[in-house]
Amino acid sequence: MPEFKVDDQLKQLFFNATKAYFQNYSDRHGQVQVLGMSKPVSLDAIYSGARMLDTESMKSYDSREALEEAYRNRGDRRFRHHNCPKRNGIDIANECERLIVLGDPGIGKSTFLRKVGLEALKGEQGSYKHPQIPVFLELKLLTSPDLDLEACIAAEFENCGFPHPDGFTKKALAKGRLLILFDGLDEVPAENLDNVIQKIQAFVDRYSKNRFIASCRIAAYHTYFKRVTTVAIAEFDDEQIEKFITNWFSSELDQQSQTAQHCWELLQKPENKGAKELAQSPLLLTFLCMVYNKSLTVPSSRTTLYGKALDIILEEWASEKRVGRGQIYEGFHSDLEKQLLAKIAYQGFENNQLFFSKEQLMKSITDFLGDSLGAPKNLDASAVLKAIEVQQGIFVERATNVYSFSHLTLQEFLTAKYIVKWNLLDDLVELHRSSQRWREVFFLVTGLMGEAAIGLLEKLEVQTQGLSDNPKLQGLLIWANTKTNFSTRIFPGEIRRIFAVILILTFIHFINKFYAVSHILDSIHNRKIAKEISFNRKIAKEISLALALALDLALAFNLDLNKIYTRNSILNHDIASALASERKLDLRDLGNDYPLNCILLLDRTKFALEKQLLKKVDLQPLVSYLETAVNKAGSSAIKLTSVISSSLDISPECLDLSIDDVKVIINYFSTSQLMIDCSKQASGISAQQWDSIKQRMFLPTREPR
């Protein structure tokens, strides 16, 4: 305990009262009983540490457009992004006499303040290195315009039996023996905020020997105080997530069963990427641990996890927080609120918008309440917005009067719910199948649809069939089907066909790059050749992207095959390994390294020959030509094209692609990959239904003559 000297005649009374106060603080602020817990647990048992960011290195934005542009340019899924180094929060608290701790809802601001107080109570055994008594004040409870902070502190001591609490408080403040923790500045009623700020500033100035920490939401804080250090709590990183999970599942039974280890390992899997993103927030990580505690698994469908988390946020968290609930939710039940949020989320996604002005949200709420049957008509849109923001933390004010959803995942999930509810699958597929931004929405829609998701997969298949009407792509698919239709049965037809297409694209890529390299000197004095080189380089760049997508497709199928065809697992591993190594080569910028390109072509051709992946072709002349070409950079691009055409029995016209042709091929592969990825999120379709679609992949829409 911190040492605190008092008058001799009251020594024993103060000693007993101090013990009682420490116990009272530990009981009230040192235990956590979050939603779903049957009993409280010690804060020390689950606390994983707060890491802080220097707010001076956090860029501030004065408009919704500035926030939107900064987010898009980063290419990061997190709304808060900072390059400054993280520091241990309690280390900063030790250094700073006056500290403002900022953070988004659910990030752990209150938990951090409580933890600092607990460490102060431990005295020399604690990590807080100042001998002070912590006093935790919840500012949302301080509603009186005649606020007397000294009296509020004295009341804390009086509750624990301190003799002469008013006198004790005055002496403690005068000697600088208190650590005052002001929690939730943003939760002070708006009509009393200016008054509370003035009172706190005057109080801090008057009793400057003491130490002070206050917490507030980032957007709600507007540099209210003078001579303070301001920091922000960072999102959890992997180390903190793992530690939190370890602390959460720390019972003897959990340790014996290695519950924490299994939970963490599940989060590391690619299919649980969305769940791990949610885990960056301590609140949502708590939800995840509760779900895992009941089922000992992270839900295989991310939609299940998100749905449960959203239900908790809408219903249980709002109930526990009890901030100005009043009349706001009379008749405005959670189902209606989900509909409102889903509409806002979808409209934002449709408009490529992740940040919303307050005026825009107010209008959306007003329109929804006016148009929706059964919605209460007398609610104030401003009050509803404030309730959703403060009570539930679904909206976060990122800058003055500029909001976003607290996490991109929530907006994506609600967008998916809106699409499923209003059957907007046609628009989703036709307008957004090629957009990386909508990919997660596709996955969530698939999960929400259950067995009906086969309809989404079939719509994507129709799109690939339409794309394959492109004459050049049609020609490649016809050739691939013809040359693999009677080849080895070790690999399924879709694998043989995609490999054949990969082989042809690899040669087309090389021909275009080879032409640019072999004529580079001629281009200095010949504008026509220079123009052709520029064109060939563009083609080669586009084909490189198409190859990367095609290789991902082949690898995705082989990963599935390893689970199904156990007899051929070694052979399947061979082709998967070969494709994996080749994908690395294709993604590299090989520049003008002619021999390395030849080796890649040679290896891929030998692999096709060894595995008998193609029939009615003569690969040996092509192998011989490439073996010679590796050490002979002066070979002719025309000669190479002729050898490829002859050996593979393919028309030279099929090897001559325009940029538009390649873009169609990229779109085709991208849509095919989306179809595969969506199938992995589907929870109700039968294996037979999916196998039927797979067997039709990479087939031409018309039979060869």
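This report looks at a predicted model of one protein chain, from its overall make-up down to one helix and one serine.

## The whole chain

The protein chain has 705 residues, and 56% of them count as buried. Its secondary structure comprises 30 helices and 12 strands.

Now take contacts between residues at least 6 apart in sequence. Of these, 76% join residues at least 24 apart. The accessible surface comes to about 32,400 Å². Carbon and sulfur atoms account for 50% of that surface.

## Helix α15

Helix α15 covers residues 334–350, which makes 17 residues. How far apart are its end C-alpha atoms? They are 24 Å apart. At 1.5 Å a residue, the expected span is also 24 Å, so the two values agree.

Is this helix enclosed or open? Of its 17 residues, 12 are buried, so α15 is largely enclosed by the rest of the structure. The buried residues include L336, L340, L341, I344 and F349. Charged names appear in the list too: E337 and K338 are among the buried residues. Just after the helix comes N352, with a positive phi of about 55°.

## Serine 468

S468 sits in a loop. Helix α21 (454–467) lies on one side of that loop in the sequence, and α22 (471–484) on the other.

Is S468 buried or exposed? Its relative accessibility is 1%, and buried means under 20%, so S468 counts as buried.

Which residues does S468 contact, leaving aside neighbours within four places in sequence? They are L473, Q474, L477, Y668 and T701.

Key:
Residues numbered from 1 in each chain as written. Predicted model: local features only at pLDDT ≥ 70, side-chain atom pairs only at ≥ 80, totals over all residues. Heavy atoms only, no water. Helix = DSSP H or I, 4+ residues; strand = E, 2+ residues; numbered from the N terminus. Buried < 20%, exposed > 50% of the residue type's maximum accessible area, 1.4 Å probe, protein only. Contact = heavy atoms within 4.5 Å. Areas by Shrake-Rupley, 256 points an atom, 1.4 Å probe, with all protein chains shown as cover. Expected span 1.5 Å × (residues − 1).
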